[in-house]
Amino acid sequence: MAKQVKKEKPKSTEPEEKLPWKMKRQYKVVLGCLLVLLSIGLLVAFISFFMHGQEDQNLVSDVTDRTKPAANWLGKVGAFLSDIFIYKGFGAASFLFVKLFFVTGAFLVLDLPLKKLKSTWFWDLFVIIVLSILFGFFANSLPELGGTIGYEMNLFFQDYIGKIGTLLVLVFGIIIFLLFKIKISPDSIKTFFEKKKSEMKDELTPVVNAINENGAGYNLEEFAIDDKDEEADFNLEDIVLKPASQFEINKEALKPTISSYSEIELEPSLKSQPKIVEPVTPILSVTPSEPEIIKTNDEAFVIEKAQDEDIVEENLASRLVADFGLFDPTLELSNYKFPTIDLLKEYSSVGITINQEELEENKNRIVETLRNYKIDIAQIKATVGPSVTLYEIVPEAGIRISKIKSLEDDIALSLSALGIRIIAPIPGKGTIGIEVPNKNPTMVPMKTVISSAKFQEAEMELPIALGKTISNETFVFDLAKMPHLLMAGATGQGKSVGLNAVLTSLLYKKHPAEVKFVLVDPKKVELTLFNKIERHYLAKLPDSEDAIITDNSKVINTLNSLCIEMDNRYSLLKDAMVRNIKEYNEKFKSRKLNPEHGHQFLPYIVLVVDEFADLIMTAGKEVETPIARLAQLARAIGIHLIIATQRPSVNVITGMIKANFPARIAFRVTSKIDSRTILDSGGADQLIGRGDLLFSNGNDLIRVQCAFVDTPEVEKIVEYIGSQKAYPNAFMLPEFIGEDSGVKLDIDISERDALFRDAAEIIVTAQQGSASLLQRKLKLGYNRAGRLIDQLEAAGIVGQFEGSKARSVNIPDLVALDQFLNNEQNN
């Protein structure tokens, strides 16, 4: 086996695989222009053939004869090509070759990836064959329509299965095209007819309701349309309503569908009318596609190539579905339009390119390194990702896993790679994984992640598209189930881009009435772009001017305000007798909760802190305590925390915080200690940076290449949202009034403590306003020392309470103190 591995060399790769990135740019432009001009020439020749084809029949057999003129607009070459493609080829269906050549040439000129054309070439060739046979079946007298191929294939089918069988084969081909290319399914056809029927029913509803209000009882079912009655005329003006006496009144159908209150009867208003939106059938269904297996010269080594994911051209969130009779929280901004996918930038170098030569070279080095330590490999498989390739190894029987894991540095040395990560074993598989960085990593644009069917059709409360995994699948998770997220990584490794990807995902899926953001940005530059959507998506304190918090002193008030909001929401859940925000909102939408009793629709609140370490350094326990309280309790009422930090040290990410943040994202860190602090395991120190991350939800680690969203893309999105109609103000959090230690106490001199003067002399002498100092010097209890400090503050000798800092002393020395107290007594 060893000799076989050393002898095998990657001889050659397929030219089709190497063409997109090996051909020089100039050659691509030349070839692309040639194909575009060829398509235009074929179009001219084909059109001319149907006008002057009979005149040029004598020229086809002898194109070299220059004495005979050609009637074709492209000359004798045009007559010859038209005869080959149309008369002797596929007939009128050959016009699709014009499209194929033109599109391929355009892709080469614009330097777009040619692999996107695979589907276009396959389905166009499929349509060419089906149309050629179809024209040959129905137009035998006109051979130009079906061509020789269509005519002969038509005769071939009819000889074996007859005309009816041939027609059935053609119908089957058309069905395949409609189902797999046009995406027309039986469900969509059924939905179309049901929609037409419901539209007719909606037209009748206001008329019936108007008559019911006047006292006549009518049942809407009397006007139900029978699908079997093809001659029925559905004109609304032709319907004659009979009095109630001539109908059998269905009392059950006349009962109101909206539950009424037992205590108060609510009058219908314009604001409470539901918005009726046409139901939407999902365009695509997310079905995991089987990866393509590429075999190599070595039977024990295979390459796994992931299939391209389905792409959704339109943001499906823009089609909201509202049920009749339910409260619609989006009614106030009913004309709100979700951001379109084309606002995100499309990059040319997208998609995974497989360099088979590099893969086989890495495989040989891995096998050789392991064999040097007497470790034999039974099978090895490579799965290529955007930035990392996973080599799955099946060792021979009797090999200890710990022995392979200890060779991490040796394998990294043999591959000359930036960082090798060994997964021994891979969870759920009987293999050992070796992750090797690619020499040419591929960027994952945010557009490919947002437009993926997996994200667009995700039925989650707070879906977030983070990026793509090693198997090139879009990684989507629900923040509401995490329920809080902790992000850490060294400077410049992608944390801020990751936060932008999280916020962008929520902007593409959630209406402003459904989610609000509380943004804390100590850097003052990372999240300021989102100021433009303040009245749409942001939440702030009532007395705050800016919605994005940049002052650390205001963070404490905001966190305590969120704690008050949490307590208020739990009171509402208690009154509604539900357990979480989802059940509460569903109950409120179905009008089972009375707004006059304080009930309202509760949006999700997402708190985003960009640099948590800076807050801990400046505020300490005053920040950690409300953060820990929110992390422990806020999950059920829809408040979720996303905290990012550059320093994943134990004094920043304390045990109390880690215990309540099971979901963690680790970008590249500098040491194994930092990796263990954030993930409770190693691996983050072996990442390659630039968005490469490890995601942990308490179970296994998932390696993801974070999606890249640039600042101009975020600007376009927030400008698109900010230019639309917004709420009058940002979402207001409850007002928080902090503990005021500067209250004027014991203003009357006669009520001062007997030790007041002694305490003042000690404070002025030490120049430190501290209650603990008075306790030590005067041997007092804490309560009396605290009262003395309050009296000194009221007199103006010491300053106000400043958190963990000592109070400032306003009197410089004892002489000034005596003068101050004498003046106070004289006054």
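Colleague: Which strands does helix H19 lie across?

Modeller: Helix H19, residues 612-619, lies across E10, E12 and E13 (contact: heavy atoms within 4.5 Å), and its direction is about 90° to E13. Helices (H or I, at least four residues) and strands (E, at least two) are DSSP runs numbered from the N terminus. Angles run from 0 to 180 degrees between N-to-C directions of lines fitted to C-alpha atoms, for helices over the stretch in contact. This is a predicted model, where local features need pLDDT of at least 70 and side-chain atom pairs pLDDT 80 or more, while totals for chains, interfaces and linings use all residues. Residues are numbered from 1 along each chain as its sequence is written, and side-chain values use heavy atoms, without hydrogens and water.

Colleague: And at what angle does helix H17 run to E12?

Modeller: At about 160°. Helix H17 covers residues 552-576 and lies across E10, strand E12 (604-609) and strand E13 (639-645).

Colleague: What order do the strands of the open sheet have?

Modeller: The nine strands run E8-E7-E16-E15-E14-E9-E13-E12-E10, with mixed pairing (two strands pair if DSSP finds at least two bridges between them).

Colleague: Which strands stand at the edges?

Modeller: Strand E8 (474-478) and strand E10 (515-520); each has a single partner strand, so one side of each has no neighbour in the sheet. From one strand to the next, the twist averages 30°.

Colleague: In what sense do E15 and E16 pair?

Modeller: Antiparallel, over five bridges between E15 (residues 692-696) and E16 (residues 701-706). Ser696 has Leu701 of E16 as its bridge partner.

Colleague: Back to helices. Which residues of H20 are buried?

Modeller: Val623, Glu624, Pro626, Ile627, Ala628, Leu630 and Ala631 (buried is under 20% relative accessible area, exposed over 50%, partly exposed in between, with a 1.4 Å probe and protein chains only). Their cover includes H17, E12, H19, E13 and helix H21 (655-659).

Colleague: What is the largest nonpolar core made of, and which residues have the most contacts inside it?

Modeller: It has 115 residues, and Phe517, Phe530 and Phe612 have the most contacts inside it. H17 gives the most to this core, nine residues. Such a core is a set of buried Ala, Val, Leu, Ile, Met, Phe, Trp, Tyr and Cys residues joined through side-chain atoms within 4.5 Å.

Colleague: What does Phe517 touch?

Modeller: Leaving out residues up to four places away in sequence, Phe517 touches Leu503, Leu506, Leu507, Tyr537, Leu538, Ala539 and Val606. Another core, of 26 residues, lies apart from the largest one, and Ile294, Ile354, Ile411 and Ala424 are among its residues.

Colleague: Charges now. How many salt bridges are there in the whole structure?

Modeller: The search finds 21 (a side-chain nitrogen of Lys or Arg within 4 Å of a carboxyl oxygen of Asp or Glu). One of them joins Lys540 and Glu534 at 2.9 Å, N to O.

Colleague: Are Lys540 and Glu534 buried or exposed?

Modeller: Both are buried. Arg757 and Glu761 also form a salt bridge, at 3.8 Å, and Arg757 is partly exposed because its relative accessibility is 33%. These two sit four residues apart in helix H24 (residues 756-766), about one turn.

Colleague: Which parts does the Arg807 and Glu793 pair tie together?

Modeller: Their side chains meet at 2.8 Å, N to O. Arg807 is in the loop between helix H26 (782-795) and helix H27 (814-826) and Glu793 is in H26, so the pair ties together parts 14 residues apart in sequence. Arg807 counts as buried because its relative accessibility is 10%, and Glu793 is buried at 6%. Elsewhere, salt bridges with shared partners join Arg421, Glu435, Asp692 and Arg703 into one network.
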